[in-house]
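User: I have a model open and would like to talk through a few of its local features. Could you take my questions one by one?

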Amino acid sequence: MSTATTSGARAHARAQGGTVVECMPTVPAGAGLSWAETVPGGGYASKRLARGTTLQLTDLYGDACVSVLLFNADEPWERLNVADTVKVLWQAYIGEGHLLLSDQGRVLASVTAGAPDRSDTFCGTSTLASNTGRYGGGAPHTGTPAGRELFVLAAAKHGLTRRDLPPSISFFQGVRVGDDGTFAWLGSAGPGATVELRAELPLVVLLANVPHPLDPREAYTCTPVRVQARPGAPTAPTDALWSRSPEGERALLNTADYLTARGNA
């Protein structure tokens, strides 16, 4: 079919209707879901999610590495603070029961499922410079896009810019710190591994699915991740997570206080 004319281009475009491929958003998301999408290796996604939503990420083939950024959807100057997430809760390895804190001492999301040995709070995501040096390119529309550059595109869809992007947390590719302070890459959690995050505030979620910065393989290796979000309820004071640690309880109290003041408790 020729696209040399307007009518030909229109016919060609309309002929694509109904096409289904593995990596694409599902619109509408489907029964019980508020977001359904499969993000390819070298791809990104973003969505605004309601408070209480459970976001499930699944590594379909065992080579995904999803970097995550979170923002308060109502006041996006409040954003994920990886340093506080680690130091306030005395744990650098993010697994079930961990709280992801903002720069205001509030809880953006809680981790309801996930393996702590296959997360990374240290290395962030890849950059244009690192990918250019390693693969020969890192711009978004090359075959080897950098995570930081994909985050810029995802952020723009929500009125955010490069300067709004803090360090990210990544899942499915683990890192451990040795006694000498060096990082050891642990590789993949394996096909079918899942991570679940529960939104404790209304969130803007940005995802970039790219190879881990410490992945030693020469080829740009990253496979699809499935994204599914379901409406639900946020953590309540009766939840065991609320009183799991004094520091976590304080962060959840800060969150409740913020919501009460806004009439959203």
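User: Is W90 buried or exposed?
Analyst: Happy to start there, with the reminder that this is a predicted model. W90 sits in the loop between α2 (82–87) and β5 (99–101). Its relative accessibility is 67%, and the cut-off for exposed is over 50%, so W90 counts as exposed.

User: What is phi of W90 near?
Analyst: W90 is a residue other than glycine, yet its phi is positive. The value is near 60°.

User: Is F172 buried or exposed?
Analyst: F172 is found in the loop between β8 (169–171) and β9 (173–177). Phi is positive for F172 too, near 90°. Buried means under 20% relative accessible area. F172 has 2% relative accessibility, so it counts as buried.

User: Which residues form a nonpolar patch on the surface with F122?
Analyst: F122 belongs to the loop between β7 (119–120) and α3 (128–135). Because its relative accessibility is 32%, F122 counts as partly exposed, and patch members need over 30%. The patch has about 290 Å² of accessible area together. The partners of F122 in it are V177, F183 and L214.

User: Which peptide bond is cis, with omega near -5°?
Analyst: A good one to look at is in the loop between α1 (6–15) and β1 (35–39), where P28 lies. The cis bond with omega near -5° leads into that proline: it runs from V27 to P28.

How values were computed
Residues numbered from 1 in each chain as written. Predicted model: local features only at pLDDT ≥ 70, side-chain atom pairs only at ≥ 80, totals over all residues. Heavy atoms only, no water. Patch = residues over 30% accessible without salt bridge, like charges linked within 9 Å, V, L, I, M, F, W, Y side chains within 5 Å. Areas by Shrake-Rupley, 256 points an atom, 1.4 Å probe, with all protein chains shown as cover. Salt bridge = Lys/Arg side-chain N within 4 Å of Asp/Glu carboxyl O. Helix = DSSP H or I, 4+ residues; strand = E, 2+ residues; numbered from the N terminus. Buried < 20%, exposed > 50% of the residue type's maximum accessible area, 1.4 Å probe, protein only.
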